Amino acid sequence: MKLLVLGATGATGRLVVDQALAAGHTVRALVRSPQKLDARPGLEVVAGQATDARDVTQAMTGVGAVISTLGATGGTVITDATRAVISGANTTGVTRFVELSSFAVLRERLSAPAKLMSSTAMGAMVKDKAAAEDALRASDLDYTLVHAVRLTNGPATGVTKLLPGSATLRMGDTISRTDVAAWMLTALNDTTTSRRSVVIAG
């Protein structure tokens, strides 16, 4: 499959690109700074803004699915990028979208320490990601929202758990970025995750 990856220069996005290429996919990466990605077979690097609907629509043309691992430091980056994908889907017909979110968005499920920490250190990001999720649920996209617990840079374990809706989410819950990347690629063809929000942990 040909994939469009948003956030390909980030810590998790780089792993998605690496694993996708290793699995035989071809990858188009829409990035602000193309020099941050090394050229290699199967990888097409396109300069542009993930928040710009025209750039995203052009990048979506001819791909089978979109993966976003965009992070945010404030503002409306995630919301704007998600809306750009929705707009691009209306033009290109590409509807499969797997987006990385955070467990911190699910505030009603957080333990008290996790809720305090996320509101203090992650408040702007949570607001942005929550707005993006609302836009996605209101769309017609075949999306999967991946709420990962706290990310680590540890090695792959090959074990990823889907946490039930009743599970309390704690700061001690972790998953490696490598395992997250692998799960997101697997989810592309998993119809049981269609138009679903899932929480994954290691």
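Contact here means heavy atoms within 4.5 Å. The model is predicted. This briefing covers one helix pair and two nonpolar cores, starting with a residue that belongs to the larger core: I200 is one of the two residues with the most contacts inside the largest nonpolar core.

**Residue I200**
- Leaving aside residues up to four places away in sequence, I200 touches V146, H147, A148, V149, T160, K161, L162, I175, V180 and W183.

**Nonpolar cores**
- In soluble globular proteins, nonpolar side chains tend to be buried together.
- The largest nonpolar core contains 36 residues, and I67 and I200 have the most contacts inside it.
- Two or more residues of this core come from each of β1 (2-6), α1 (11-22), β2 (26-31), β4 (65-68), β5 (96-102), β6 (142-148), α6 (177-187) and β10 (196-201).
- Helix α6 gives the largest share of this core, with six residues.
- A second core, separate from this one, has 28 residues, including I78, I86, A135 and Y143.

**Helices α3 and α5**
- Helix α3 spans residues 77-92 and helix α5 spans residues 123-137; they pack at an angle of about 20°, and their axes are 7 Å apart.
- Angles under 35 degrees count as roughly parallel, and α3 and α5 are therefore roughly parallel to each other.
- Their crossing, that of α3 and α5, is right-handed.
- On the α3 side, V77, I78, T79, T82, R83 and I86 take part in the contact, and they meet D128, K129, A131, A132, A135 and L136 of α5.
- The residues of this contact between α3 and α5 comprise seven nonpolar, two polar and three charged.

Terms used: Residues numbered from 1 in each chain as written. Predicted model: local features only at pLDDT ≥ 70, side-chain atom pairs only at ≥ 80, totals over all residues. Heavy atoms only, no water. Axes fitted to C-alpha atoms, helices over the stretch in contact; angles between N-to-C directions. Helix = DSSP H or I, 4+ residues; strand = E, 2+ residues; numbered from the N terminus. Parallel < 35°, antiparallel > 145°, perpendicular 65-115°, else oblique. Left-handed = near helix turned anticlockwise from the far one by under 90°. Nonpolar A, V, L, I, M, F, W, Y, C, P; charged D, E, K, R; others polar. Core = buried A, V, L, I, M, F, W, Y, C linked by side-chain atoms within 4.5 Å. Buried < 20%, exposed > 50% of the residue type's maximum accessible area, 1.4 Å probe, protein only.
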